[in-house]
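Thanks for making time for this one. I would like to walk through a single chain, moving from individual side chains out to the fold as a whole, and I will try to keep each statement tied to what can be computed from the coordinates.

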Amino acid sequence: MGDPYVLMLIALAILAILDLVVGVSNDAVNFLNSAIGSKAIPIKSIMIIASVGVFFGAISSSGMMEVARKGIFNPDMFVFQDIMIIFMAVMITDILLLDVFNSLGLPTSTTVSIVFELLGSAVIVALIKMNDKGEAFNELWNYINYSQATKIILGILLSVVVAFTVGAIVQYFSRLIYSFNFSQRPAYINALFGGFALTSIIYFIIIKGLKGTPFYADVQHILEYNIFILIAANFVLWTLVSFILISIAKMNILKLIIGVGTFSLAMAFAGNDLVNFIGVPIAALNSYEVWSASGQAASEFSMGVLATKVPSN
């Protein structure tokens, strides 16, 4: 009985590899084009920095893995064979979608893709189940985690607005400080700018990055109750470091900011978008392991177990 599902797992593993290829070719541009376009750092160095960032992001990833498991649909309303069909449909669609968009040179988001693929697949399978059971259309909301799905979709839309607004503000002040007068700016101005930029990036890398690690619980109370002190201390520290590098080492602080920023973007990519490509196959593997141990038929075993949290690293 399990043989067809073993073949599906093998197919999902192959699809995950293909999805990584087309997905990385799409998303790598997002965190490399600024650094490469600036020509401030050699391409070889940028690739090394990005590779290290991807590694650290992968081992600290967490939240997006749960989207494939319970973020869009209510797993307890589906049986094992339904879940496997949903996951297969999602992976095939994701590869086709990303490949077509890449071929046409059109931008797309892997997070948006995976969310709506899961939503579409779950809705269709739910409708088929409802039709077989003779349930009314309004029962569809029992199958779909509409409250969480709504939050995710609104979060995606809000991120576009926030990215545009914050990006425009940062760009304005950056231009105001550096345009046409970069070499004439006093060292303390560059140091303050470097301190602000590096503090913002380091906050993301350390504070946000730690949340996906197993030992975050041990330091959570320290970080949460002293967050403003930590930010202030970081700002002072990185401002001093920037001033020393500018005054003594004669370093262009913007190169350091670009390098650290590339690392943080690569880390964010691995912690968020990279999980999009492997989250579905891993959820399918978790489902198969639980079902095979149950001894029940694939058409009878409820997948409520997917509602429990499973680490991705």
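Let me start with one residue: setting aside the neighbours within four places in sequence, Thr199 is in contact with Ile231, Asn234, Phe235 and Trp238. Please keep in mind throughout that this is a predicted model. Thr199 sits in helix H7, which covers residues 187-210, and its relative accessibility of 8% puts it in the buried class, since the cut-off for that class is under 20%.

A second residue can be described in the same manner. Ser113 belongs to helix H5, and with a relative accessible area of 5% it is likewise buried. Once the neighbours within four places in sequence are left out, the contacts of Ser113 are Asp94, Leu97, Leu98 and Thr108.

Staying with helix H5, I turn to the way it packs. In general, a pair of packed helices is described by the angle between the axes and by the distance between them. For helix H5, residues 110-133, and helix H6, residues 146-178, the axes come within 11 Å and cross at roughly 155 degrees. Are these two helices roughly parallel or roughly antiparallel to each other? Because an angle over 145 degrees counts as roughly antiparallel, H5 and H6 fall into that class. The crossing in which H5 passes H6 is left-handed. On the H5 side the contact is made by Val112, Val115, Phe116 and Leu119, and on the H6 side by Ile152, Ile153 and Ile156. Sorted by class, this contact of H5 with H6 comprises seven nonpolar residues, with no polar and no charged ones.

Now to the aromatic side chains, where the count by the ring-pairing rule comes to nine aromatic pairs. In one of them, the ring centres of Tyr5 and Phe80 are 4.9 Å apart and the planes stand at 65 degrees, which is over 60, so the pair is edge-to-face. This pair links distant parts of the chain, given that Tyr5 lies in helix H1, residues 3-38, while Phe80 lies in helix H4, residues 80-104, and 75 residues separate them. Tyr5 counts as buried at 12% relative accessibility, and Phe80 counts as buried at 0%.

Another pair is made by Tyr288 and Trp291, whose ring centres are 5.8 Å apart with the planes at 50 degrees, so the geometry is tilted. Here both partners, Tyr288 and Trp291, come from helix H10, residues 253-294, and they are three residues apart, about one turn of the helix. Tyr288 is buried with a relative accessible area of 18%, and Trp291 also counts as buried, at 5% relative accessibility. What do Tyr5, Phe80, Tyr288 and Trp291 form? These four residues form one aromatic cluster, and the helices named for them are H1 and H4 for the pair with Tyr5 and H10 for the pair with Trp291.

Finally, the chain as a whole. There are 10 helices and zero strands, so that, as the element classes are defined, the order from the N terminus reads α-α-α-α-α-α-α-α-α-α. Of the 313 residues, 39% count as buried. Among the contacts in the chain with a separation of 6 or more, 81% are between residues 24 or more positions apart, and the pair of Tyr5 and Phe80, 75 residues apart, links distant parts of the chain.

Definitions and conventions
Residues numbered from 1 in each chain as written. Predicted model: local features only at pLDDT ≥ 70, side-chain atom pairs only at ≥ 80, totals over all residues. Heavy atoms only, no water. Phe/Tyr/Trp six-rings, centres within 6.5 Å; stacked < 30°, edge-to-face > 60°. Helix = DSSP H or I, 4+ residues; strand = E, 2+ residues; numbered from the N terminus. Buried < 20%, exposed > 50% of the residue type's maximum accessible area, 1.4 Å probe, protein only. Axes fitted to C-alpha atoms, helices over the stretch in contact; angles between N-to-C directions. Parallel < 35°, antiparallel > 145°, perpendicular 65-115°, else oblique. Left-handed = near helix turned anticlockwise from the far one by under 90°. Contact = heavy atoms within 4.5 Å. Nonpolar A, V, L, I, M, F, W, Y, C, P; charged D, E, K, R; others polar.
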